[in-house]
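Biologist: I have a model open on my screen and would like to learn how to read it. Could you walk me through it step by step?

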Amino acid sequence: MAPGWIDTDEAARLSGYHRDYLRQLCRKEPQPFKAERRGNMWWIDEASFKAFLEEQQAAGDVRYGPRK
């Protein structure tokens with residue numbers, strides 16, 4: 001994949017979200033961040049994913065978000 005794209009395992013390491021949950025978000029319409037399926041893997045645009053994480057943190061709702 002082109003630079004700037006990460007797989008769901010890397011996104012899970014960056015965010016604390018479980019990779020299965022990230023895959024679920026990738027399938028969701030509309031997508032909360034830019035993601036593409038290539039073969040059997042989901043690839044996530046790193047810049048849009050970081051923006052998504054910032055939005056989640058700014059929301060301040062502790063019921064949602066990565067597990068610590």
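We will go from the overall layout to helices, the core and a few single residues.

Modeller: Happy to! Keep in mind that this is a predicted model.

Biologist: Let's begin with the layout. In what order do the elements of the protein chain run from the N terminus on?

Modeller: The order is β-α-α-β-β-α, so to speak the chain's table of contents. In total, the protein chain has three helices and three strands. Of the contacts between residues at least 6 apart in sequence, 51% join residues at least 24 apart.

Biologist: How do I check a helix, say helix 3, against its expected span?

Modeller: Allow 1.5 Å a residue. Helix 3 covers residues 46-59, 14 residues, so it should span 20 Å, and the C-alpha atoms at its ends are indeed 20 Å apart. Just after helix 3 comes G60, with a positive phi of about 75°.

Biologist: What should I make of a sign like that, and of the peptide bonds?

Modeller: Most residues other than glycine have a negative phi, and most peptide bonds are trans. In this model, the bond joining E29 and P30 is cis, with omega about -5°. You will find P30 in the loop between helix 2 and strand 2.

Biologist: Now the packing. How are two packed helices described?

Modeller: By the angle between their axes and the distance between the axes. Helix 1 and helix 2 pack with their axes 9 Å apart and at an angle of about 115°. Because of that angle, helix 1 is roughly perpendicular to helix 2. Their crossing is right-handed. On the helix 1 side, the contact is made by T8, D9, A11, A12 and S15, and on the helix 2 side by R19, L22 and R23.

Biologist: Which residues touch the most other members of the largest nonpolar core?

Modeller: That core has 13 residues, and L22, F33, I44 and F49 touch the most other members. Helix 1, helix 2, strand 3 and helix 3 are the elements that give two or more residues to this core. Helix 2 gives the most, with three residues.

Biologist: Let me zoom in on F49. Which residues does F49 touch, not counting those up to four places away in sequence?

Modeller: F49 touches I6, A11, S15, L22, F33 and I44.

Biologist: A11 has now come up more than once. Is A11 buried or exposed?

Modeller: A11, which sits in helix 1, has 0% relative accessibility and so counts as buried. Leaving aside neighbours within four places in sequence, A11 is in contact with I6, L22, I44 and F49. You can also compare sequence and space: A11 and K50 are 39 residues apart along the chain, while their C-alpha atoms are separated by 9.3 Å.

Biologist: And A47, buried or exposed?

Modeller: A47 belongs to helix 3. With 56% relative accessibility, A47 counts as exposed, because the cut-off for that is over 50%. The C-alpha atoms of A47 and G4 are separated by 7.1 Å, with these positions 43 residues apart along the chain as the count of their separation.

Biologist: What about the chain as a whole: what share of the residues is buried?

Modeller: Buried residues make up 29% of the 68 residues in the protein chain.

Note on methods. Residues are numbered from 1 along each chain as its sequence is written. This is a predicted model: local features need pLDDT of at least 70, side-chain atom pairs count only at pLDDT 80 or more; totals for chains, interfaces and linings use all residues. Side-chain values use heavy atoms; hydrogens and water are left out. Helices (H or I, at least four residues) and strands (E, at least two) are DSSP runs, numbered from the N terminus. The expected span of a helix is 1.5 Å times one less than its number of residues. A nonpolar core is a set of buried Ala, Val, Leu, Ile, Met, Phe, Trp, Tyr and Cys residues joined through side-chain atoms within 4.5 Å. Buried means under 20% relative accessible area, exposed over 50%, partly exposed in between (1.4 Å probe, protein chains only). Contact means heavy atoms within 4.5 Å. Axes are lines fitted to C-alpha atoms, for helices over the stretch in contact, and angles run from 0 to 180 degrees between N-to-C directions. Angles under 35 degrees count as roughly parallel, over 145 as roughly antiparallel, 65 to 115 as roughly perpendicular and the rest as oblique. A crossing is left-handed if the near helix is turned anticlockwise from the far one by less than a right angle, and right-handed if clockwise.
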